[in-house]
Amino acid sequence: MGKKLLQSRLVDTSQQLKRLQVDLQITEEQLASLTDEAEDARIRSLVSETPIADKEYREARKHAESMQRHLTDLKTEIAKIEDLQNQLLDQISASK
C-alpha cells in the first residue's frame, strides 16, 4: 500500500477512534444512571411487593443490561480500531 493511502487510512481510523471514545464516555455515564435507576426500582419492588413495582424493576434492569451490552460492543470495536491503527503505523514505519 502506498504511504499516502496508509496515512489517509490512519487519519480515518483516528477520527473513528475519537468518535467511539466519545460514545464510550456517554455510554458509561448512561449506564451508571440506568444502573442506579434499576437499583432504586429493585428496592422499591422489595419494599412494596406489588406487581407494578416488580414490572418497573424488570424493565429498568433490562435497560441497564442492554446498555451494558452496548458498552461491551463499543469496547470491542475500540480495541479493533486500535489494533488496525497499530498495524497501519507499523506499515508506515516499515515503508521508511
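This passage describes two helices, the loop between them and the core in a predicted model. Residues are numbered from 1 along each chain as its sequence is written, and side-chain values use heavy atoms, with hydrogens and water left out. In this predicted model, local features need pLDDT of at least 70 and side-chain atom pairs count only at pLDDT 80 or more, while totals for chains, interfaces and linings use all residues.

A good place to begin is the loop. Glu-49 sits between helix H1 (3-48) and helix H2 (51-94); helices are DSSP runs of H or I with at least four residues, numbered from the N terminus. The phi angle of Glu-49 is near 55 degrees, a positive value in a residue other than glycine. Glu-49 is also exposed, at a relative accessible area of 67% (exposed means over 50%, buried under 20% and partly exposed in between, with a 1.4 Å probe and protein chains only).

The largest nonpolar core has 11 residues: Leu-17, Leu-20, Leu-24, Leu-31, Leu-34, Ala-64, Met-67, Leu-71, Leu-74, Ile-78 and Ile-81. H1 and H2 each supply at least two of these residues, and H2 gives the most, with six. Such a core is a set of buried Ala, Val, Leu, Ile, Met, Phe, Trp, Tyr and Cys residues joined through side-chain atoms within 4.5 Å.

Two residues help to fill in the picture. Leaving aside neighbours within four places in sequence, Leu-71 is in contact (heavy atoms within 4.5 Å) with Leu-24, Thr-27, Glu-28 and Leu-31. Gln-85, placed in helix H2, is buried at a relative accessible area of 17%. With the same neighbours within four places set aside, Gln-85 is in contact with Leu-10, Thr-13, Ser-14 and Leu-17.
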